Each structure stands twice: as C-alpha cells, then as structure tokens.
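Work through the exercises below with the sequence and the model at hand. Try each task before reading its solution.

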Amino acid sequence: KQKYFDYRIDKVNLSIQNTNLFSVTAKLQISNVKDPNIAFTLYKGFKIKNISLDNGKPVKYYQTGDYIYVNLSEINKKKINTLKFTYSGNGSLRNPSIGDVVYLPHNFTWIPSNQRMPTHYLFNQGVTAAAINNSPNIEYSLILRDNQRRYFTNLRYEGKGRYYGVAKGVTLITGELTHKHDNNMEVVYPSSWFPYKDEFKQYVTQYKEDLQRYNRLLKTKNKIPQRIILLPTMDPLVSGINPDSIGDGTNLIIHLDPSKFTRVIPIEQGIPFQIDSAFNEYNSLTEKQRINWLIFNSFVGFKISNKSHAAESLFYFYLESIHSALTPNEQKILKDLINFRERLSNDFLKKWKYLICDNEEDDWKQIRSLIKESLLKERKS
C-alpha cells in the first residue's frame, strides 16, 4: 500500500566490503514518517541480516520478495531518524555483485528505497529490470573497503576509497575493464575488447552526432558525460529486443556486442534507438507502459536516423517484436502511425512524449487525436 512508503529519505551513507561476499552497510536518514509501519524496496537477491536504530537497538522487520516491512514504534516522528541496514547478496543475472564482477547501475534497486514498485516485471514473455529513473535526488556518501579493484561510480572521488554526491541513485561497476582517454573523454571497456579500439572511437562519434539530432528533435539539451562505459549485453534474452543505454549524469553505460562491428549492417545504426532510454527520466511501471514507450522510441529512432535501409529494418524489428501485445484497435492506430511516419513533425513527437510520461491510461486515444490534429493542420496548410 502507498501509505507504507509515505516518508522521505534524506541521506544515505554506504559502506561496502566486496571480498568473499558483496556486503553492504547502509545508514538511511529518514523523515516525515507518518505511520510506525513503513516499507522499503530492495531487490530480493540481497538478504537483510539486521536493521537497527542509530543507537544500535534492533528494529523488527520482515523481508518478503522485493519488500522489507519495518516497525518503527519507538522513533520520533518529528525528527530525522537513522536506520542502519546490513545486507549482502549476489545481485541478479543482469545486475551481478559477485566479487570480480559488479554491475549495479543507479536505477537498479540495490539500495533500500521508498519507491513503491517491484524491481522487475514481465515483458514480452520475459523478465526485465524496472528502471527507477524518476526518484528524487538524495545525498549519498560511499566508502569502498576494497583495495584490489578499480570501481566506476557516479559519485565524486574524495580520496582513500571515499565518494560523495547528490544523485537519484548510486552506480557501482567493476570487472576486467580497461580505459583510454580521447578528447577529454574516458572510454571504459572490457580488456578483451582491445582489437576494437578504433571501432569504439567511431561508435562514440556517431553517438554524439545522433544525440545532437535527438536534442534538435525534442528541444532538449542533453550532453554526453565525460565517461562512457561499454559493457557486454548483460541479459541477451531481454536486451536483444530492447534499446539498452543508461545515463546517470556522470556515466553513459552502453551494452553492445563488439562482434557486430564486423557485420554487414553497421552496429552504429542502432544508436538512434538507444538515446531516449539513456537521457530521459521516463519510468515504465508495467508491461503496457513499456510497450507504449518502445513504440514511441522506435519512431524517434527512425526520425533521427539517416533513414537508411538498416535503420528502417530496425524500426520494423522493434515494432514486430511487440505487435502481438497490442489490441486490434491499437494495431490499427499503429498502422496509421507507420503510414504517417515520414510526415511526423517534431511537435507531434514532443506531444507524444508528454502523453507517455503523464501516467494516464488513455495513451492510444490521445495518439489518435494527435494524428487527426496533424492531418487537419496539413489540410489547412
């Protein structure tokens, strides 16, 4: 119930020990608590060992699935209270935390959160991670007790394993990674990918160009951060049909398969279909919302691409992968959109973006109205 999450998290202090087991101590400062019974969301792959108040007194809790129910009958509702969580775990297939390999992006719930949503949901007969992009900014501090590995995070380095920042969440990545600097930009990639250094440079250049087209299209001012992290596709069953870029303000994380650089259809053709997922704050809560966003994203990708044969093939590939999930009426409207795609104006796409993000349930009715409005304008002009 929403009432269990009706409080505020003001600050989070993290201490991580990544040796035999990925172990976390998280001190959360919470306020505006209206009811002694509250809940937190934490991916079920992390098991709580104990929860206590700042004075060390244990707190009663119950962990089930992605949720932790806590009884705070002894806290002062009028003050900021600190809860200390101790937990550990291996993460998930897509977001592992297993010693030498850690991939925990900022929008994955590996830190206790008051965002009332599951960490994963069904999509296209598979399970995909729910990206919490619209959470509020929180003050984070991080201590990494590991001198053996280099970690990449979105927090500012303060020295001796200490980091700090104000962000929507914390990115933490380590592995067999190397990096190179090129024009004030750091590109991070797996060490085994060294034969593709020239291809990476070309890929990043193309990403910048497509981002400029995206900004012109939707009147945004997004910029490539100073660090780009290239990683293998973490979940091929899902990522094969989904654009997969993540942006946390400090890092741009792109999942790709470098072997595709050698194929007939250039891998760069897929960049226009990745940008919106990395730079917008839209968060899909259900399979239906995800489908609606993917359709919008396919049209945006086609619009900012060079409309080559390869881009058009990708456009139809993404739509075909989700076509069967639409109702007959929605399929009819989608057909109208496809027929209208060459004439979709920037204004149409901006309005479409807005109605997707408004969390109302009548997206397709609104899309039909947008099409009628655009056709009327064409006749008048």
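**Exercise 1: a first salt bridge**

The side chains of Asp6 and Lys34 meet in a salt bridge, with N and O 3.6 Å apart. Find where the two partners sit in the chain, and state how accessible Asp6 is.

Solution. Start with the rule: a salt bridge is a side-chain nitrogen of Lys or Arg within 4 Å of a carboxyl oxygen of Asp or Glu. Next, place the partners: Asp6 is in the segment before β1 (8–18), while Lys34 is in the loop between β2 (22–31) and β3 (37–41), 28 residues apart. Helices (H or I, at least four residues) and strands (E, at least two) are DSSP runs, numbered from the N terminus. Last, check accessibility, where buried means under 20% relative accessible area, exposed over 50%, and partly exposed in between (1.4 Å probe, protein chains only). Asp6 has a relative accessible area of 36% and is partly exposed; Lys34, at 46%, is also partly exposed.

The model is predicted: local features need pLDDT of at least 70, side-chain atom pairs count only at pLDDT 80 or more, and totals for chains, interfaces and linings use all residues. Residues are numbered from 1 along each chain as its sequence is written, and side-chain values use heavy atoms, with hydrogens and water left out.

**Exercise 2: two further pairs**

Which residue forms a salt bridge with Asp100, and which with Asp276?

Solution. For Asp100 the partner is Arg149, with the closest N and O atoms 3.1 Å apart. Arg149 lies in the loop between β12 (138–144) and β13 (152–153) and Asp100 in the loop between β8 (97–98) and β9 (101–104), so the pair ties together parts 49 residues apart in sequence. Arg149 is buried at 18% relative accessibility, whereas Asp100 is partly exposed at 48%.

For Asp276 the partner is Lys353, at 2.8 Å between the closest N and O atoms. Lys353 belongs to helix α7 (residues 346–357) and Asp276 to helix α3 (residues 275–279), 77 residues apart. Both Lys353 and Asp276 are buried.

**Exercise 3: the nonpolar cores**

Which residues touch the most other members of the largest nonpolar core?

Solution. A nonpolar core is a set of buried Ala, Val, Leu, Ile, Met, Phe, Trp, Tyr and Cys residues joined through side-chain atoms within 4.5 Å. The largest has 59 residues, and Tyr207, Leu230, Ile295, Phe299 and Trp352 touch the most other members. Helix α4 (residues 287–304) gives the largest share of this core, nine residues. Apart from it lies another core of 40 residues, including Leu14, Leu42, Phe108 and Leu155.
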